[in-house]
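This report covers the ligand site, the nonpolar cores and several individual residues of one structure.

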Amino acid sequence: MITKDNQLITKQWITDSRQVTAGGGDGQVADSVFFAIQGDHHDGHAFIGELYQKGIRQFVVERSALTGPPDRREELARYADAQFIEVDSSLQTLQTLAAQQRRQFHNPIIGITGSNGKTIVKEWLVQLLADEFVIAKSPKSYNSQLGVPLSVHTLTKNHTLGIFEAGISKAHEMQALEAIIRPTLGIFTNIGTAHDEGFRTRKQKIAEKLRLFIHAKTLIYCTDYAEVDDEVNLLLKAVNPDMRFITWSLTGKAATYQATLAQNHLTISGPTGMYRLQVPFTDPASIENLLHCVVTMLTLRSWSSEDLQIRLNRLRPVSMRLEQKEGINNCVLIDDSYNNDVVGLQLALRFLNQQNTRNRRVVILSDVLQSGQPEADLYEQVGELIRSNHVEQFIGIGPVVSRNAQWFAGNSLFYSTTEEFLGQFPFSDLRDSTLLVKGARPFSFERIVHRLERKVHGTVLEINLDALTHNLNYYREKVGADTKIMVMVKAFAYGSGSAEVAQLLQFHRVDYLAVAYADEGVVLRQHGVDLPIMVMNPTGSPDRPETFATLLEYKLEPEIYSMRLLREWGRFVEEGKGHGAWGEGASTPASSSLTTPYPTPHALYPLHLKIDTGMHRLGFLEEEIPEVVAYLNQHPLLRVSTVFSHLVGADEAQFNSFSQQQYDTFLRSTATLETGLGYRPTRHLLNSAGIVRFTDYRLDMVRLGIGLYGVEASGIDPNSLQTVGTLRTVISQIKTVQAGESVGYSRRGWLDHDARIATLAIGYADGYDRRLGNGVGEVWVNGTRCPTVGNVCMDMTMIDVTQASASEGDEVVIFGRELPIIELAQRIGTIPYEILTGVSERVKRVFFKEGN
Ligand SMILES: *Cc1c(COP(=O)(O)O)cnc(C)c1O
């Protein structure tokens, strides 16, 4: 058993089938083992076949997943040359293996937990201790039940220090993480309200987090958090009497180190001496994180104030953002300057794969610092990653990557410094490509990003892809695993950018997409989206029959809402059937097959029937169903993939009884349809608000719209969603205007005080509604809300910044977390939908992610 475990420990671990690219190099797959994990939304066992095709031959599988249906044992028997290790829980097996691997490591391990600051303290410690240690660390914020074992798996015998973070959201989660990290030195950053809902009391949450340290030799914490101090004294001292506590306080509480801050000078005094340091950041959160770092450094070894200062001067803000932007020459730029280790590179390449399937791929990479691996092994591995991810052009910057050129393809380019690259590279040759730019801090790759980025005029709509994922998961959890999800990406994905959003949804394997018009569907297909797509308005107009041809050509599925449309579509399909019927590809909706498998799916043309149960917009009335059935039975090429209706007042309690009536009408209509057709199409009724308020009506599928974009329209569960879009602009000019003067067109903005007036680079042509002028709207400037003054112009808006601290060039938030879209909508008597979809296409969208 031990030898088998050790053999698994030395392999590359794969837990997500999307990590493996098609045709990935042999090196990658031969060394890999796939852990099939059953989660709330995904079952890893469903991807064994796919991974087998890609060359993986070793699998850890769960017994409970093998006993059908579907009969997986039968499937697995077909992969005769693969090895299947059957376990009760793949996740637990992964955790146990990581814990064993940890036991083989005898250098110090720092374990960090707490409500906030874990990732920053970890990243800063890595920056501060880079000269003294070869450090293994959690990539980004990999701190969950799955993230921690994957992090600890990066430990090698060359490392001299490990720094890992542990995050929990529920009681009883820490025990497993403790066994894997088994820190020798612990840091408890702080306690806040995050995840309070997962615990009975705050005390219970602290106690659970403290479990990380039950075997540690030393614990560092701040005694200003009285609750933490109490629990440490009550619990930890009892279970671990030999533990050393190194504490600090900024407020004069009893502690090992006393700290004081005056301007940007931090003084720390304690048993090892007195240190006066100039700090690069002074906001309270940064000071707290810094103190944890400095006290940890003082605990690890001795330092002079000068040495500490030299290290502190190197600190950079930790940005975990990976951004996708428009680049020069029709390129897409993926900017990931957060870190540059191998795991980070893997994650970034995965993102590259996920977001852009068509373009030529270019990777610009600096030396990889701090890997703890011998140079040749490291660059062989990097070269393999670049090759297996189908990167057409590799550009290496730095002396180390340059002298390891042999691991990269012949067309690769190497430069010894960033300056040399900027000076010599022929930028005009770089076109129509997706560029991943990833560099370690000292290489200042922000200069490369600056050179490659298409300059945007001051206004951008930032889309947080992690928030989008969070919101999708919220609704998935609400409806459960047996209900499918169609996501509405009409109207440019509610203004958020349809192709990028659809690519992310495809990555997360939603079941269906829906758009309003065929053209919107075509754009998605051209960006490599092959999910099934429903088109709600399949006819442009009666004199544009070419729309139907477009539908067929791009495998888009029409919504059929009237007999006239049904007959036109039926005639078109039958006339066209000679030349290549509905495509052979994957987009024939496998998703409808859960309820009724298609008898011969490839020959049929899927359509979606809309029933009018009370909206009185589009759709068949209940009494028309028999006629629909009769027609369909005479035209067997047409297949009803799904049938649906729409609630008129899902978000308002006053319409509850009408919603119930619509549901009943819908059920009767679909029953008539099923009986008549002899099969059962997928039924769907609920939109976002409906999912929250009428979960029982979820049927076979739901249609998620505005909720995905962060607006909880029902108002029942407003804190469950994360803000997706932030509309920002900049201040072009600031001037002082005297009381009694007016601002803007038509002299509407009279001033009753001497005011500082700022002009913003946004107007109604960008989607800043003209009704928000004259003080109706407010914007957010460096923490202060400022009212508009005068009329909103086409490209500009004036605001009063008298009360704010503001300078020319400063960023201003129009809507976002600080200023909810719902509030903006209320101020002008409209709905969030109109605000979102009103952001004009001339405003650049920037997509970013912060998490894993
Ligand atoms: C837009 C749309 C939805 C999504 O509605 P939200 O309120 O945004 O969730 C659902 N169904 C249909 C038919 C739609 O047109």
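Sorted by class, the shell around the ligand consists of five nonpolar, four polar and two charged residues. The model is predicted, and in it the residues around the ligand are M488, K490, Y494, M536, H646, N687, S688, R703, G705, I706 and Y833.

Three of these residues have polar contacts with the ligand, listed here with their distances.

| Residue | Protein atom | Ligand atom | Distance |
|---|---|---|---|
| R703 | N or O atom in the side chain | nitrogen | 2.7 Å |
| I706 | polar backbone atom | oxygen | 2.7 Å |
| Y833 | polar side-chain atom | oxygen | 2.5 Å |

On its own the ligand has 390 Å² of accessible area, and the protein covers 94% of this.

**Nonpolar cores**

In soluble globular proteins, nonpolar side chains tend to be buried together. The largest nonpolar core here has 131 residues, and the members that touch the most others are V489, L513, L609, Y709 and V781. Helix α19, spanning residues 465-479, gives the most to this core, contributing seven residues. A second core, separate from this one, has 43 residues, including L8, I180, L210 and F213.

Two of the best-connected members, L513 and L609, can be described through their contacts. Leaving aside residues up to four places away in sequence, L609 touches I560, F620, V628, L632, V640, T642, V643, F644 and L673.

L513 belongs to strand β22, which runs over residues 512-517. With a relative accessible area of 0%, L513 falls under the 20% limit and is therefore buried. Again not counting residues up to four places away in sequence, L513 touches M486, V487, V489, A502, L505, L524, V529, L531, P532, I533 and M534. Among these contacts is V489, which is itself one of the members touching the most others in the largest core. Q346 is not part of these surroundings: its C-alpha atom is separated from that of L513 by 28 Å, with the two positions 167 residues apart along the chain.

**A partly exposed strand residue**

Where does Q278 sit, and is it buried or exposed? Q278 is in strand β13, residues 273-278. Its relative accessible area is 42%, which lies between the limits of 20% and 50%, so Q278 counts as partly exposed. Beyond residues up to four places away in sequence, Q278 touches N264, H265, Q309 and L312. The C-alpha atoms of Q278 and L266 are 6.2 Å apart in space, and the two residues are 12 apart in sequence.

**Positive phi angles**

Most residues other than glycine have a negative phi. A493 has a positive value, near 50°, and L699 also has a positive phi near 50°. A493 is in helix α20, residues 490-494. The residues K490 and Y494, which are around the ligand, fall within the limits of this helix. L699 is found in a loop, the one between α27 (688-693) and β28 (701-704).

Are A493 and L699 buried or exposed? A493 has a relative accessible area of 0% and is buried. For L699 the relative accessibility is 16%; because this is under 20%, L699 also counts as buried.

Methods: Residues numbered from 1 in each chain as written. Predicted model: local features only at pLDDT ≥ 70, side-chain atom pairs only at ≥ 80, totals over all residues. Heavy atoms only, no water. Near = heavy atom within 4 Å. Polar contact = N/O pair within 3.5 Å; in protein donor to acceptor, adjacent residues only side chain to side chain. Areas by Shrake-Rupley, 256 points an atom, 1.4 Å probe, with all protein chains shown as cover. Nonpolar A, V, L, I, M, F, W, Y, C, P; charged D, E, K, R; others polar. Core = buried A, V, L, I, M, F, W, Y, C linked by side-chain atoms within 4.5 Å. Buried < 20%, exposed > 50% of the residue type's maximum accessible area, 1.4 Å probe, protein only. Helix = DSSP H or I, 4+ residues; strand = E, 2+ residues; numbered from the N terminus. Contact = heavy atoms within 4.5 Å.
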